[in-house]
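Student: I am new to this structure and would love a close look at one part of it. Could you take me through the place where two helices pack together, and then show me what lies around it?

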Amino acid sequence: WAHPREAPPPIPPRPSRFRCCGRASRSSLLLFPRDGSVRPWATQVVESKWFDRTTLLLILINSILLAFYQYRAEGNESAKKFNEIMDQIVDPILTACFTIELALKVIARGLLFAEKPYLRDPWNILDAVVVISAWVNLLPGVD
């Protein structure tokens with residue numbers, strides 16, 4: 001910097017460490033090429049403001065509903081009914097929404113072998129663990 005109030009020079013983008021056959025993968029999941037119709041659409045959706053806002057709203061709703069969940073609802077019929085609605089209706093809907101979010105991000109960014117892959121962001125790793133855990137919880141016989 002020449003002057004303390006000037007902005008620092010821009011940092012050049014770091015090349016991806018993950019290469020496939022000597023170059024970054026040109027498709028997501030080997031199914032969605034960059035110049036196809038699905039991946040650019042998914043990228044446009046993922047980068048829009050409403051996508052982030054909708055995701056944050058769903059997280060907020062999920063967090064509030066988890067706070068109201070009654071883990072000791074043995075004698076309380078209304079709490080049992082609320083828990084049943086949560087388990088049978090709300091949880092599968094929210095899990096489906098978060099799965100769609102994960103799928104769109106993977107299609108848009110790639111999973112591992114891309115310039116900005118989904119699993120290189122720690123928040124996305126956490127997101128994937130939560131979505132996988134939710135699906136395991138929905139399996140029959142898992143409580």
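Tutor: Happy to! Let's start with the pair H2 and H3, whose axes lie 11 Å apart and meet at an angle of about 155°. Because that angle is over 145 degrees, H2 counts as roughly antiparallel to H3. Keep in mind that this is a predicted model. The crossing of the two helices is left-handed.

Now look at who makes the contact. On the H2 side you will find Phe51, Thr55, Leu58, Ile59, Asn62, Leu65, Leu66 and Phe68. Facing them from H3 are Phe82, Met86, Val90, Leu94, Cys97, Phe98, Glu101, Leu104 and Lys105. Sorted by class, the contact of H2 with H3 holds 13 nonpolar residues, along with two polar and two charged ones.

Several of these names come back when we turn to the core. The largest nonpolar core has twelve residues, and Leu58, Leu65, Met86, Val90, Leu94 and Phe98 are among them. The list also includes Tyr69, Leu102, Val106, Tyr118, Ala128 and Val131. Three helices each supply at least two residues of this core: H2 (49-68), H3 (77-109) and H4 (122-138). H3 gives the largest share, with six residues.

One core member worth zooming in on is Tyr118. Leaving aside residues up to four places away in sequence, Tyr118 touches Leu102, Lys105, Val106, Arg109, Gly110, Leu111, Asn124, Asp127 and Ala128. Of these neighbours, Leu102, Val106 and Ala128 belong to the twelve-residue core as well, while Lys105 is also part of the contact between H2 and H3. Apart from that core lies another one, of seven residues, including Ala42, Val45, Val46 and Ile107.

Before you leave, here is a stop at another part of the chain. Leu29 sits in the loop between strand E1 (27-28) and strand E2 (32-33), and Leu30 lies in the loop between E1 and E2 too. Most residues other than glycine have a negative phi. Leu29, however, has a positive phi of about 60°, and phi of Leu30 is near 60°, again a positive value in a residue other than glycine. As for their surroundings, Leu29 is partly exposed, with a relative accessible area of 41%, whereas Leu30 is exposed, at 73%.

Definitions and conventions
Residues are numbered from 1 along each chain as its sequence is written. This is a predicted model: local features need pLDDT of at least 70, side-chain atom pairs count only at pLDDT 80 or more; totals for chains, interfaces and linings use all residues. Side-chain values use heavy atoms; hydrogens and water are left out. A nonpolar core is a set of buried Ala, Val, Leu, Ile, Met, Phe, Trp, Tyr and Cys residues joined through side-chain atoms within 4.5 Å. Buried means under 20% relative accessible area, exposed over 50%, partly exposed in between (1.4 Å probe, protein chains only). Helices (H or I, at least four residues) and strands (E, at least two) are DSSP runs, numbered from the N terminus. Contact means heavy atoms within 4.5 Å. Axes are lines fitted to C-alpha atoms, for helices over the stretch in contact, and angles run from 0 to 180 degrees between N-to-C directions. Angles under 35 degrees count as roughly parallel, over 145 as roughly antiparallel, 65 to 115 as roughly perpendicular and the rest as oblique. A crossing is left-handed if the near helix is turned anticlockwise from the far one by less than a right angle, and right-handed if clockwise. Ala, Val, Leu, Ile, Met, Phe, Trp, Tyr, Cys and Pro count as nonpolar, Asp, Glu, Lys and Arg as charged, and the others, Gly among them, as polar.
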